[in-house]
Each structure stands twice: as structure tokens, then as C-alpha cells.
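Open the model in your viewer and keep the sequence panel visible. The tour goes stop by stop, with a selection to make at each.

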Amino acid sequence: MAADMDIDLIRKQTKGCTDKIFLNSAGSSLVPQSVTDKMVGYLQMEALTGGYALANQYETEIEDLYVQAALLFNCAPKNIAYATSATDAYAKAITAINFKAGDVILTTDDDYISNQLSFLSLKNRFGISIIRADNLPNGDLDMDTFEKLVISHQPKLVAITHIPTNSGLIQPAEEIGRICKKYDILYLLDACQSVGQRVVDVQRIGCDFMTATGRKFVRGPRGTGLLYVSDKVLDEQMVPLIFDMQGADWTGNDEYRLAKTGKRFEFWESSIAGKLGLKEALTYINGIGISNIELYNVNLMQQFRKELQKVPGLDLHDQGSHLSNILTFTTSNRPLQDTAQLLRDNNVYFSMSFRDFARIDFNKKDLDAIIRFSAHYFNTPEELEKTIAILNY
């Protein structure tokens, strides 16, 4: 485990982990107490002061959101935009691309449901094509075929989900980035399940856009998200289809001047309490160190998977040579809904995914539903041992 992490202190600072085994950080994680305190304190003052006046007093702290996000992503604050969710960030990124009939989006079978729906909407509206790259038998992306698809189709956009919501697979984001750079292809990375649990370095990855959410492994509030935009995006004057006075200045009756930073992808109106809560969550991660968090998580999950493989009647369904904190399984010794109820009865928090959430992946695996565990660095080996004991019942 990571030597620099005080797990006892982290758990004391996470009130929600004391009375349950919480294994749903891939859905909406438990926030540190400092996040709650920051948001509640601000809202209480806002009720007395009014939204505008109080926001002006917090300008410096609000700007620190961009500094903390940039520190986590290894970029400059100017490359960061605030969003209300990862999907909001994704929509703003994808509408900045001038799609025309015949353009190609190259993606995978493991992309997120909302992203796939966005691609289908673009297909219906603009006549673009969607190409999905193949996987190897072990679940990894077939990189040789992927590069051939880039060469043959010259896609307008490569869009990848770093870690799918429905499995533990980790896609080779850096290798994909090198191919996109080689052929000068725009690269959009959905990192909503990887930011906060693993090191996500945009310089090493080489993406043009990257989206993240606050509510999952970042341990921030719901209704918050982040968008990274590269210098290339800024220099080429890319901007979402719809923007407002946060994104541009109105310089003449029929003229405007775009903001020079990633804020051109924001709307002016936002929850200041949400921004401050997200800033606090990012500060918390940076204080611990994302490298320490990743090391702890990798060791924790390797042991968890190893022990779960010994549980009679339990089948793990995560494929790929690199696996994340997301772990999925079914049970053959009892109906899956009975297993789910057993976990609920023992105060284990988890989520379930169904065929409609990941139609291509589930069809390949011939699954209708799975149980999903997603541990995080506030979880302990002892908690996971208790969970295994429950499943062995």
C-alpha cells in the first residue's frame, strides 16, 4: 500500500464510510467532510448575502478550481473549463467540431452509452459514419487494426472512453494519443471513470479534449464536471456550437471575440457552491497525491479480484490486460437479484448495470445484467474481506 497515505485519517474525514461498506465510487462516491463543509458554509452565507455579492468575494477561491484541476491533469489553468457534468463537457467538446456528411468518428465497442448516443445523433443529423475498432480476444483494443482504421478512414475524431462504466477495462489512452498525433486526428477522451483513481496526464496522453466528472472517483459534488482543451483547440479558435458571455465578448452588433482560455466552453451561470466543492475535492486529491492513490488502488483491487475468484458460483466479467477499480460479476449459484439483495441486507453499497447500458459489450458477453463494485482509497482490505465473506454465504 502507499506509504504516504494515512487511511485512518482519510476514513475519519469521510463520514459516510463508518456505517457501511461503500463500493460505488464509480457511481457517486463519498465526499470528504471538507467538501460538505465548504458547500454548506457557502450556501448559508449566500442565503444572507445574495448570490452576486458573495460570489464576488470568492473570486480568488473560484479561480483556484482551475489551478487545482490543472495540477491534477498536468496542464495550465487556461486549458480548463468547468462543466455541470462529464456529459455536459462532452457535448460542448463534440459540438466544437465542424462535422460534415461523410466524416468519420472512430470509437470502440466499449464506449460510454451517452457518448454512443451522441454519435448516433450526429449520424442522423449530419450523415457522419461511426467506425468501432475491434478488440483482441483478451478484451484489449487491437492497436494494429486501430491504426489501420485511422489510415484508411482518416476520421474527423477519435473518441475513446478511458475506463468504461460497465467493466474494469483500461484503454491504452497514451498509445491512442500517439497514433492521433502521428496522423493529425482530433482526440476526445472520456476520463470520467479514471480521473481520481488513476494518474491521468494530458501531456502524456496527448488528447485534444478530455472530460471528467466531480461525483465519481474525484469525490466531489454531483452536478460538477471538467473539460480539458488543448492549446491546439484554443489556437484554432474552436468553440462549442452555443456559447454565451463567458465564452466571448460582444464587440459589435454582428461581431464577437472569443475568450482566450478554456472558459469559452463554459456558460456564465453556474453553482458557485458546486465550484467550491469541486475545488475542495481536487485540493484534497492533490494533497494526498494521485500517484499514491493509484498505487493504493492497484494493490487493493489486485487482492480483491484474487480473492473473489475463489468464491464458488461467482464469475468475474472484466476483460483486458490492465484493469481498474471497477469490478463486475454475476453469480451462478443464486439469481443475481438475490445476490444483490444479500449485499443490501448486509449494508454493502454497489450498483448494477444492464444490457441497455452497454449493449455491444453485454451482447458479446451474453449478459443481461451484472453487479458492479467500485472500491476506492478510503476502502480497506478488511472491508473487502467482509464483502467476500458475505458472498460466500
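The stops below run from a helix pair, through an enclosed helix and the nonpolar cores, to a loop.

Before selecting anything, note that this is a predicted model, in which local features need pLDDT of at least 70, side-chain atom pairs count only at pLDDT 80 or more, and totals for chains, interfaces and linings use all residues. Residues are numbered from 1 along each chain as its sequence is written, and side-chain values use heavy atoms, with hydrogens and water left out.

**Stop 1: a helix pair**

Select residues 33–49 (helix α2) and 272–288 (helix α11), whose axes come within 8 Å and cross at roughly 155°. That makes α2 roughly antiparallel to α11, the term for angles over 145 degrees. Helices here are DSSP runs (H or I, at least four residues) and strands likewise (E, at least two), numbered from the N terminus. Axes are lines fitted to C-alpha atoms, for helices over the stretch in contact, with angles from 0 to 180 degrees between N-to-C directions. The crossing of α2 and α11 is right-handed, that is, the near helix is turned clockwise from the far one by less than a right angle.

To see the interface, show S34, V35, K38, M39, Y42 and L43 of α2 against I272, A273, G274, L276, G277, E280, A281 and Y284 of α11. Contact means heavy atoms within 4.5 Å.

**Stop 2: an enclosed helix**

Select residues 86–94, helix α5. Why is α5 largely enclosed by the rest of the structure? Seven of its nine residues are buried, where buried means under 20% relative accessible area (1.4 Å probe, protein chains only). The buried ones are A86, D88, A89, Y90, K92, A93 and I94. Add β2 (80–83), α6 (113–126), β5 (157–161), β6 (186–190), β7 (209–213) and β8 (225–229) to see elements included in the cover.

At the N-terminal end of α5, S85 acts as a cap, with a side-chain oxygen 3.3 Å from the backbone nitrogen of T87.

**Stop 3: the nonpolar cores**

Show F73, F146, Y187, M210 and F373, which touch the most other members of the largest nonpolar core, a set of 80 residues. Helix α12 (residues 290–308) supplies the largest share of this core, seven residues. Another core, of 25 residues, lies apart from it and includes A81, F99, L157 and F209. A nonpolar core is a set of buried Ala, Val, Leu, Ile, Met, Phe, Trp, Tyr and Cys residues joined through side-chain atoms within 4.5 Å.

Centre on F373; its contacts beyond four places in sequence include L23, F304, L343 and L391. Move to L343 in helix α13, buried with a relative accessible area of 0%. The C-alpha atoms of L343 and I390 are separated by 7.2 Å, although the two are 47 residues apart along the chain.

**Stop 4: a strand end and a loop**

Select T331 in strand β12, which counts as buried at 12% relative accessibility. Its side chain reaches the backbone oxygen of R334 at 3.1 Å and makes a polar contact with the side chain of T339 at 2.8 Å. A polar contact is a pair of N or O atoms within 3.5 Å; within protein, one must be able to donate a hydrogen and the other to accept it, and residues adjacent in sequence count only if both atoms are side-chain atoms.

Finish on R334, in the loop between β12 (326–331) and α13 (336–345). Is R334 buried or exposed? R334 is buried, at a relative accessible area of 17%. Its side chain reaches the backbone oxygen of Y393 at 2.6 Å.

How values were computed:
Buried < 20%, exposed > 50% of the residue type's maximum accessible area, 1.4 Å probe, protein only. Parallel < 35°, antiparallel > 145°, perpendicular 65-115°, else oblique.
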